[in-house]
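Student: Please take a close look at one part of this protein with me, the open sheet. I would like to see how its strands are arranged and what lies around them.

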Amino acid sequence: MQDFALTTSFIVVGVLALIFLLFIFRSSHEGGDAPGLKAEGTRWLLICAMILFTIIATYSTLKPWPHQAVAGVTGSALTVKVNGAQWYWDVSHDTLPINTPILFEVSAQDVNHGFALYDPDGRIVTQTQAMPGYVNKLLYTFEKTGTYKVLCLEFCGPAHHEMEHEFTLVEKGDFTKESN
Ligand SMILES: [Cu+2]
């Protein structure tokens, strides 16, 4: 869907640019030798060329959308369901393996919350919104073992600061689904 929207908007912009160019070309011909009109035409031609260049340059350097990355690995990923509520996190697994793609499926029960993961050094490593009625997919591969904290990033009421949770990251060999 994202790709479709992007491609469609680029095509529409491209067609509009072509219409502009057509009008500029025609008006500069109708204007005969009038130097003012020719200068105007050249200016518009340059503007359109710059717009086209920007679009092509942007399109050619685009990285895959995060959703595509999620779609590509869902088969090998370990899925963790996360549900935010006033004022706690309900998660399906507490212990997770490192060097394994983890797919967090994040939702909320009541109001918007912010699901943010902090590494053992207290640095935020990834985050997404937890929204009622939506499941936001967040893909992350942990590289270090230890205790990772979940904190809420969206003010969600008087006990917002108590919305903490912990994940224990262990070596791949030490991980069993039953250990959760
Ligand atoms: Cu909160």
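Tutor: Along the sequence, this predicted model follows the pattern α-α-α-β-β-β-β-β-β-β-β-β. That makes 3 helices and 9 strands in the protein.

The open sheet is built from 4 of these strands, in the order β2-β1-β4-β7, and its pairing is mixed. At the edges are β2, residues 88-91, and β7, residues 136-141, each of which pairs on one side only. From one strand to the next, the twist averages 25°.

Now take β4, which covers residues 101-108. β4 and β7 run antiparallel and are joined by 6 bridges. As an example of this pairing, Leu103 has Leu139 in β7 as its bridge partner.

β4 also matters for the next topic, the largest nonpolar core, which has 19 residues. Two or more residues of this core come from each of β2, β4, β5 (113-118), β8 (146-152) and β9 (164-170). The biggest share is that of β4, with 4 residues. Inside the core, Val82 and Val106 have the most contacts. Leaving aside residues up to four places away in sequence, Val82 touches Trp89, Val91, Phe104, Glu105, Val106, Phe115 and Ala130. In soluble globular proteins, nonpolar side chains tend to be buried together.

For the protein as a whole, 13% of the 180 residues count as buried. Among contacts with a separation of 6 or more, 65% are between residues 24 or more positions apart.

Conventions:
Residues are numbered from 1 along each chain as its sequence is written. This is a predicted model: local features need pLDDT of at least 70, side-chain atom pairs count only at pLDDT 80 or more; totals for chains, interfaces and linings use all residues. Two strands pair if DSSP finds at least two bridges between them. Axes are lines fitted to C-alpha atoms, for helices over the stretch in contact, and angles run from 0 to 180 degrees between N-to-C directions. A nonpolar core is a set of buried Ala, Val, Leu, Ile, Met, Phe, Trp, Tyr and Cys residues joined through C-beta atoms within 7 Å. A residue is buried if 20 or more other C-beta atoms lie within 10 Å of its own, exposed if 12 or fewer, and partly exposed in between; C-beta atoms are placed from the backbone. Two residues are in contact if their C-beta atoms, placed from the backbone, lie within 7 Å.
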